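User: Could you take me through the enclosed spaces in this model? I would like a close look at what lines them, with the classes of the residues spelled out.

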Amino acid sequence: MVRQTARRFAEERVAPLIRDCFRDARFPSELIPEMAELGFLGANLEGYGCAGMSNVEYGLVMQELERVDSGLRSFVSVQGALVMYPILSYGSDEQKEKWLPLLQSGKAVGCFGLTEPDFGSNPAGMRTTARRDGADWVLNGEKTWITNGSAADIAVVWARADDSVVYGYLVERGTPGYTTSDIHGKWSMRASVTSSLSFADCRVKESDRLPGAKGLKGPLACLSQARHGIGWGVIGAAMDCYETARQYTILRKQFDDRPIASHQLVQEKLAWMITEITKAQLLAVQAGRLKDRGKLEPAHISMLKRNNVAMALDCARLSRDLLGANGITDEYPIMRHLCNLETVKTYEGTDHIHALVIGERVTGIAAYK
């Protein structure tokens, strides 16, 4: 039921407008209330109006949203896994009661400020600082490549304090010293808001600090939540590329007026895609079941994210190949998915970083430096 509900929403409400959104570099913010009403925001969280879905059900929502566009799935991932989850897990009762109902209902939008201009794969090198000044904290620094940044009412910002420990802070839109600017010229994730956040003597209260978060363990746990959703979501992009190519090759005729699907090399590509998509779904289902039992390890998530994104990119490229020149036009969704997936392969842990997470798990030796 969850999958069918998400698929119906994606096909009826998102598919008709997403091509123009991508062309115009516009996020379809008018869909936020509908996604909230369907329970998509914080779907696998409990309380505060959240749907309380299993992690498999949540994953299916991500899959169906990314069947239409990675940018839409990114919005939902950030809202639930990177904003609502840290507030629920590390926030005070006052913070939870103030923000979680607003975020779940779509009445407020959030963003997650970890990545910096000089530090993406190495968050331990962050330069954003938080200096204690009486009862307040003073933030200075910059975050970039932040999904939802300029659209956000609340930012979950990670900064290094005087004691060299990383803490999380809730920074509201309009706070003096806090400004945002959008990143333009993207050929990927065009239907998604991507921004830079700047903090210049930005003063926040101690009550705005997440009391349960201390050190990098906090933001990394948030990323684990989001990466699980990414591992599911990219399957949807692969499915859309595959189905587009399958239908096209049955209708497209070449050589003696035969459909190109009648040729062996074409069938081999389709067979490879459907097999890899099925394997990716099995990996995702097992990860979701392990997560529901509290047994999903970071290395499992790295394997899920790394394998499935690479698979989806390969499916997009094979599908583009099968459509020939038509594959590069936006009459078909393939080039949009392909461009989006180039970003998804990089964000929230590059392919190489996830390989090293898996490598450390199987050898016991860290090799990040």
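Analyst: Four charged, three polar and one nonpolar residue make up the lining of the second largest cavity in this predicted model. The residues concerned are Lys305, Arg306, Val309, Lys345, Gly349, Thr350, Asp351 and His354. Because Asp, Glu, Lys and Arg are the ones counted as charged, the charged set here is Lys305, Arg306, Lys345 and Asp351. Val309 is the nonpolar member, since Val counts as nonpolar. Looking at where the lining comes from, helices α8 (298-322) and α10 (351-363) each provide at least two of its residues. The biggest share is that of α8, with three residues. The space enclosed there comes to about 40 Å³.

It helps to set this beside the other enclosed space, as the structure has two cavities of 30 Å³ or more. The largest holds about 50 Å³, and its lining has no charged residues, with four nonpolar and three polar ones instead. Around it sit Asn44, Leu45, Tyr58, Gly80, Ala81, Tyr85 and Gln225. Tyr counts as nonpolar in this scheme, so Tyr58 and Tyr85 fall in the nonpolar group together with Leu45 and Ala81. Helix α4 (residues 70-90) contributes the most to this lining, namely three residues.

So, to put the linings together: four charged residues border the second largest cavity, while the lining of the largest cavity has none.

Terms used
Residues numbered from 1 in each chain as written. Predicted model: local features only at pLDDT ≥ 70, side-chain atom pairs only at ≥ 80, totals over all residues. Heavy atoms only, no water. 1 Å grid on protein atoms, 1.4 Å probe; cavity = no way out; pocket = protein on both sides within 12 Å on 5 of 7 lines; lining within 4 Å. Points joined across faces, edges and corners; volume = space filled by probe spheres on them. Helix = DSSP H or I, 4+ residues; strand = E, 2+ residues; numbered from the N terminus.
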